[in-house]
Amino acid sequence: MKTQILTASSDDIKTAAGIIKAGGLVAFPTETVYGLGANALDAAAVKKIYEAKGRPRDNPTIVHIARASDIGMLTPDIDALTVSLIDNFWPGPLTLVVKKRHEVPDITTGGLPTVAVRMPDEPAALSLIREAGCPIAAPSANLSGKPSPTKMSHVIQDLDGRVDAIIVGDDCRVGIESTVLDVTARPPVILRPGIVTAVDIEAVIGEKAGFDPALLEKSETSGGGLKPKSPGMKYRHYAPKAKMVVIEGRRGRVKAEILRLKLLNEREGNRVGVLLFEEKAFREAAHDFFARLREMDDEGTDLILAGALSDVDGVGFAVMNRMMKSAGYNIVKV
Ligand code: TXA
Ligand code: MG
């Protein structure tokens, strides 16, 4: 398949929207990560997303809309709490899991009775959805298992030749995927952490949010293998080609241990990459995390040594969720 490379010009958005209407696939930028979109209400089109990404079929997609009120097309009942979350956080990186209407095909929701919906905060994405005239199902625009794409070069690397078109744009502002919040539960439950944190959500709902217990596991196997509510969270994810180790502890000790392991491994002829963010620079860590993993892979890194961030901070917690998965829960405490 020849992939068209498009921009956010109005002519190109029309072309991209035509592809979506005809049941094709278009990758596009959002403020979090690039998405790979298809008409969410067209089962045959959504099926192509799974094929292009090599994505397991039970991993549901997020449905993107361009007007908050369009959530009514996807779900039969929207309660006051959901409305207040929408008022506060849309457009933006908060995905809401709600009961689905039967018009939403099973393949879009991985067979679940619920649908995940968000309104992205990115002009190109919003124009594409508006012009296509349908909600757009879009997982991240990477090959399944690889780090999420935050730059157009990542999308081209993974999907050129596999999709009808790619809308190129700037680097994604946020850098990690949206927070996924299940509002069918009371209190609502965070299924995937993101830069909209529990503290932010609690300020709106006036009570503590829940966390999917699978998020609090420190290893893949501890806790008797809890089954995450968000199916996508159970797969090995965001994996660089390199082996990756997370070093956790007091800052000075972490730095020293990284240096020690670096020297040791380089002496054995390995190419070692270090991922150590400034202390408390959580947003920056979120912004750079996936791009750094891909960069180190491109450099032929054999071993990535990553300093753990504090997960007391909500954004730190969200980055750590990705970091632990990337490292396959390979952690050294110092
Ligand atoms: O920021 C984002 O959310 C990006 C951009 C493109 O919008 N999209 C994204 O999609 O990250 P994806 O497919 O990589 O992740 C979707 C996550 C998965 O963990 C999936 O299991 C969860 O959302 N999810 C989708 N529908 C769900 C549902 N009905 N119930 C629970 N979890 C759901
Ligand atoms: Mg993804």
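Is Lys280 buried or exposed? Select Lys280 in this predicted model and you will find a residue in the loop between strand S13 (272–275) and helix H9, where, at 68% relative accessibility, Lys280 counts as exposed, because the cut-off for that class is over 50%. While Lys280 is on screen, look at its backbone as well, since phi is near 70°, a positive value in a residue other than glycine.

From this loop, move on to helix H9 (residues 282–298) and select it together with helix H10 (residues 314–326), whose axis is 8 Å from that of H9 at an angle of about 20°. The two helices are therefore roughly parallel to each other, and their crossing is left-handed. By class, the contact of H9 with H10 has 9 nonpolar, 2 polar and 2 charged residues. To see the contact itself, show the side chains of Phe282, Arg283, Ala285, Ala286, Phe289, Phe290 and Leu293 in H9, which meet Val315, Gly316, Val319, Arg322, Met323 and Ser326 in H10.

Next, go to Tyr329, in the loop between H10 and strand S15 (331–333). Here too phi is positive in a residue other than glycine, with a value near 60°, but Tyr329, at 19% relative accessibility, counts as buried.

Phe290 of H9 leads to another stop, since Phe290 and Ala291 are among the residues in contact with Thr150, as are Thr32, Val33, Tyr34, Asp171, Cys172 and Gly175, leaving aside neighbours within four places in sequence. Thr150 itself is placed in the loop between strand S7 (136–137) and helix H5 (152–159), and it is buried, with a relative accessible area of 2%.

Now colour the strands of the open sheet, in which 11 strands follow the order S1-S8-S2-S3-S7-S4-S6-S5-S9-S10-S11 with mixed pairing. At the edges stand strand S1 (4–6) and strand S11 (210–211), each with a single partner strand, so one side of each is left without a neighbour in the sheet. For a closer look at one pair, select strand S2 (residues 26–28) and strand S8 (residues 165–167), which run parallel and are joined by 2 bridges; Ala27 has Ile166 in S8 as its bridge partner.

Finally, select helix H3 (residues 80–89), which lies across strand S5 (94–99) and strand S9 (179–182) and runs at about 160° to S5. In the loop between H3 and S5 is Pro91, joined to Trp90 by a cis peptide bond with omega of about -10°. A cis peptide bond also joins Arg186 and Pro187, again with omega of about -10°, and Pro187 lies in the loop between S9 and strand S10 (189–192).

Conventions: Residues numbered from 1 in each chain as written. Chains lettered and ligands numbered in written order. Predicted model: local features only at pLDDT ≥ 70, side-chain atom pairs only at ≥ 80, totals over all residues. Heavy atoms only, no water. Axes fitted to C-alpha atoms, helices over the stretch in contact; angles between N-to-C directions. Helix = DSSP H or I, 4+ residues; strand = E, 2+ residues; numbered from the N terminus. Parallel < 35°, antiparallel > 145°, perpendicular 65-115°, else oblique. Left-handed = near helix turned anticlockwise from the far one by under 90°. Contact = heavy atoms within 4.5 Å. Nonpolar A, V, L, I, M, F, W, Y, C, P; charged D, E, K, R; others polar. Buried < 20%, exposed > 50% of the residue type's maximum accessible area, 1.4 Å probe, protein only. Pairing = 2+ DSSP bridges.
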